[in-house]
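Please read the following points with the sequence and the coordinates open beside them. They are arranged by region, beginning with the terms on which the element names rest.

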Amino acid sequence: MKIKIKDLELEIPILNASGPRCTTEKDLLDLEDSLSGAVVSKSCTLEKREGNKGKRYWDCETLSINSMGLPNLGFEFYGEMSKKVKKSYIISVGGLSLEDNVTILNHFLTLEKKVGIELNLSCPNVIGKGQLAYDFDCLEGYLTEIFQRVNISKFLAFGIKLPPYFELTHYVGVYMKISKFPIDFITCINSVGNGLVIDYEREKPVIEPKNGIGGLGGSIIKPVGLSNVYNFKKLFPKMDIIGCGGIETGKDVFEYFLAGASAVQIGTQFHKEGTGCFKRIYEEFLEIMKSKNYKSLSDIKTIP
Ligand code: RRO
């Protein structure tokens, strides 16, 4: 069940989310060998980063919380990996400044193998930095600079990763800022930022950095992911939306398609289950398609 977003071909519309298990060479090659429709990298920065210190990920059945702090091996490593990743490769770019992102993106244009880009505008966990996608005053100027200084159309596809929004006025605000740019896809949602999970027995937060504050994932965030996909699809009917947030089963994937997604990404469940999750979830999804007698993704009609 192939799909294409601009020139980016996905063997199946189910991919890994940038974040878990996509930082090291082994991680990326394991994804290469999995059924994931593409290999999506961890968000990269100019310099290698260790990330935040102490216990920085925790999960339970319905919920994950992380404050990783953008640990990654530096952008050059993720560029080099394009030689080893044979299937479609989407590099997540999470530079700490506009200048860094311009440098990183221009470097990725020099790679022999063409790549897709997901520009992360929504990391909630870098100490001392807010999420750009919540800063409506800066967003438009930021994208203007990126599009002026990088030949974005040369990427297989160029997308942005957004945080969850909760107000209709926010969706319209984002729409006003980004609709003028030729963006090929929107990935939503990143983790629900600045949550707090406390262990009452230990009388402490379950993670250590930033006094326990971190980004939430897992099945509890699925309704937020669905509504973000739905609302952005309404505003951008022609835009490919990659849905992310709380997907554990084929049924969840089907729900994201009903909300308007063209493809989905798996974060927390991939962290828990490993690369086998793509095959399992895809097979569950195909079963649902079969039970409804649907032959292709176009048979799934977005809810009104
Ligand atoms: O590394 C992280 O702490 C992180 C990132 Br860059 C992100 O985009 N989302 C998230 O939940 N954690």
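1. Helices and strands are named here as DSSP runs, numbered from the N terminus, with at least four residues for a helix and at least two for a strand. In these terms E203 lies in the loop between β12 (198-199) and β13 (204-205). The model is a predicted one, and every remark below should be read with that in mind.

2. The backbone at E203 deserves a check, since its phi is near 60°, a positive value in a residue other than glycine. Most residues other than glycine have a negative phi, and most peptide bonds are trans. E203 counts as exposed because its relative accessibility is 67%, and exposed means over 50%.

3. A second residue of this kind is N211, placed in the loop between β13 and β14, where phi is near 55°, again a positive value in a residue other than glycine. With a relative accessibility of 68%, N211 also counts as exposed.

4. A cis peptide bond, with omega at about 20°, joins C188 and I189. I189 belongs to the loop between β10 (185-188) and β11 (192-196), and a colleague who prepares the model for further calculation may wish to look at this bond in the coordinates.

5. The sheet may be taken next: it is open, has 8 strands with parallel pairing, and follows the order β3-β16-β15-β10-β9-β8-β7-β4. β3 (14-16) and β4 (39-40) stand at the edges and have a single partner strand each, so one side of each is left without a neighbour in the sheet. For β4, 2 bridges join it to β7 in a parallel arrangement, and V39 stands opposite Y89 in β7.

6. Within this sheet, strand β8 (residues 116-120) is mostly covered, with 5 of its 5 residues buried. In a regular strand the side chains alternate between the two faces of the sheet. In β8, G116, E118 and N120 point one way while I117 and L119 point the other way, and all are buried.

7. Which strands are joined to β8 by 4 bridges, on the one hand and on the other? Strand β7 (residues 89-93) runs parallel to β8 and is joined to it by 4 bridges, with V93 standing opposite L119; the chain crosses from β7 through helix α3 (residues 98-108) to β8, and this β-α-β crossover is right-handed. Strand β9 (residues 158-162) is likewise parallel to β8 and joined to it by 4 bridges, and the bridge partner of N120 in β9 is K161. β8, helix α4 (residues 136-149) and β9 make a right-handed β-α-β unit.

8. Two loop residues can be read together. T45 is found in the loop between β4 and β5 (57-59), and G74 in the loop between β6 (64-66) and α2 (75-80). T45 is buried because its relative accessible area is 2%, where buried means under 20%, and G74 is likewise buried, at 5%.

9. Leaving aside residues up to four places away in sequence, T45 touches L70, N72, G74, F75, G94, G95, L96 and I104. Seen from G74, with neighbours within four places in sequence again left out, the contacts are C44, T45, L46, E47 and K48. As for separations, the C-alpha atoms of T45 and N16 are separated by 19 Å, at 29 residues apart along the chain, and those of G74 and Y294 by 43 Å, at 220 residues apart.

10. The largest pocket has a volume of about 680 Å³. Its lining holds 44 residues, of which S18, G19, P20, N66 and N190 lie nearest its centre, and the elements that give two or more residues to this lining are β6, β14 (213-217), β16 (263-266) and α8 (268-273). By class, the lining of the largest pocket has 15 nonpolar, 23 polar and 6 charged residues.

11. The second largest pocket has a volume of about 260 Å³ and is lined by 16 residues, of which G95, N120, K129, G130 and L132 lie nearest its centre. Its lining has 7 nonpolar, 8 polar and 1 charged residues. Two of the names met above return here: N120, one of the buried residues of β8, and G95, one of the residues that T45 touches.

Key:
Residues numbered from 1 in each chain as written. Predicted model: local features only at pLDDT ≥ 70, side-chain atom pairs only at ≥ 80, totals over all residues. Heavy atoms only, no water. Buried < 20%, exposed > 50% of the residue type's maximum accessible area, 1.4 Å probe, protein only. Contact = heavy atoms within 4.5 Å. 1 Å grid on protein atoms, 1.4 Å probe; cavity = no way out; pocket = protein on both sides within 12 Å on 5 of 7 lines; lining within 4 Å. Points joined across faces, edges and corners; volume = space filled by probe spheres on them. Nonpolar A, V, L, I, M, F, W, Y, C, P; charged D, E, K, R; others polar. Pairing = 2+ DSSP bridges. Right-handed = clockwise from strand over helix to strand, strands pointing away.
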